[in-house]
Amino acid sequence: VSTQSTGMSCRKLSYTLALIKPDVYANTISHRAILNRIQQENFIVAKERVLRWSQTEAEEFYKEHRGKFFYQRLVEFMSSGEFHALVLAHPSEPAITKWRSMLGLTKCYRARETQPDSIRALYGL
């Protein structure tokens, strides 16, 4: 791809993994809203896939959290249904930083108080 045709420089892109979890993926309106937000924020979707993990696959993915109080609940939740996995890049900002900023605080109730337009404030449980 020519940089003239895309308007992008040849700088190396950073990538991040975004998981739209089963509850939001099952809600077509919320899922579409998040995808629209990703597009509005100029992310590039390098790759995407709809997945459904077994409990064993979820345990392997989240193994760094094994032993933490939320681990079992997270594994069960992520193996409860289909979810949307996206590899995102951003042309002008570090993708991880940009994505985390859009997500907001980990605790949804705190995000609602301090970052009401964040993804977790709007769509998190």
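**Entry 1: Ser-118**

I began with Ser-118, which lies in the loop between helix 7 (108–114) and helix 8 (119–123). For helices I took DSSP runs of H or I with at least four residues, for strands runs of E with at least two, both numbered from the N terminus. The model is predicted, and I kept to its limits: local features need pLDDT of at least 70, side-chain atom pairs count only at pLDDT 80 or more, and totals for chains, interfaces and linings use all residues. Residues are numbered from 1 along each chain as its sequence is written, and side-chain values use heavy atoms, with hydrogens and water left out.

Is Ser-118 buried or exposed? I found Ser-118 buried, with a relative accessible area of 4%; buried means under 20%, exposed over 50% and partly exposed in between, with a 1.4 Å probe and protein chains only. I then followed its side chain, which reaches the backbone nitrogen of Ala-121 at 3.2 Å. A polar contact is a pair of N or O atoms within 3.5 Å; within protein, one must be able to donate a hydrogen and the other to accept it, and residues adjacent in sequence count only if both atoms are side-chain atoms. Setting aside neighbours within four places in sequence, I listed Arg-37, Met-102, Leu-103, Gly-104 and Ala-111 as the contacts of Ser-118, contact meaning heavy atoms within 4.5 Å.

**Entry 2: Ser-30**

I looked up a second serine, Ser-30, in helix 3 (residues 28–40). Ser-30 is buried at a relative accessible area of 14%. Not counting residues up to four places away in sequence, Ser-30 touches Val-24 and Tyr-123. From Ser-30 to Ile-20 I noted 10 residues in sequence and 9.9 Å in space, C-alpha to C-alpha.

**Entry 3: overall layout**

I recorded 8 helices and 3 strands for the protein, in the order α-β-α-α-β-α-α-β-α-α-α from the N terminus. The C-alpha atoms fill a box of roughly 50 × 35 × 30 Å along the principal axes. Of the 125 residues, 34% count as buried. Among contacts with a separation of 6 or more, residues 24 or more positions apart account for 70%.

**Entry 4: strand 1 and helix 5**

Which side chains of strand 1 (residues 15–20) point to the buried face? Thr-16, Ala-18 and Ile-20 point to one face and are buried, while Tyr-15, Leu-17 and Leu-19 point to the other and are not. I note that side chains in a regular strand alternate between the two faces of the sheet. Strand 1 pairs with strand 3 in the antiparallel sense over 6 bridges, where pairing requires that DSSP find at least two bridges between the strands. In strand 3, Val-87 is the bridge partner of Leu-17.

In helix 5 (residues 71–78), I found Tyr-71, Leu-74, Val-75 and Met-78 buried. They lie on the same side of helix 5, because they cover an arc of only 100 degrees around the axis, as given by the directions from the helix axis to the C-beta atoms. The buried residues of helix 5 pack against strand 1, helix 2 (22–26), helix 4 and strand 3.

**Entry 5: nonpolar cores**

I took a nonpolar core as a set of buried Ala, Val, Leu, Ile, Met, Phe, Trp, Tyr and Cys residues joined through side-chain atoms within 4.5 Å. The largest such core has 14 residues, and Ile-38, Phe-43, Leu-88 and Trp-99 have the most contacts inside it. Strand 1, helix 3, strand 3 and helix 6 (95–103) each give two or more residues to this core, and helix 6 supplies the largest share, 4 residues. Beyond four places in sequence, the contacts of Phe-43 include Ile-38, Leu-88, Trp-99 and Met-102. Apart from this core lies another, of 9 residues, among them Ala-58, Leu-74, Val-75 and Ala-85.

**Entry 6: aromatic pairs**

For rings of Phe, Tyr and Trp (its six-membered ring), I required centres within 6.5 Å; planes under 30 degrees apart count as stacked, over 60 as edge-to-face and the rest as tilted. The count comes to 6 aromatic pairs. Trp-53 and Phe-61 form a tilted pair, 4.8 Å centre to centre with 40 degrees between the planes. Trp-53 is buried at 14% relative accessibility, whereas Phe-61 is partly exposed at 38%. Trp-53 and Phe-83 form an edge-to-face pair, at 4.6 Å and 65 degrees.

Why does this second pair tie together parts that are 30 residues apart in sequence? Trp-53 lies in the loop between strand 2 (44–51) and helix 4 (55–61) and Phe-83 in strand 3 (residues 83–89), so the pair links these parts. I closed with the cluster that ring pairs form from Trp-53, Phe-61, Tyr-62 and Phe-83.
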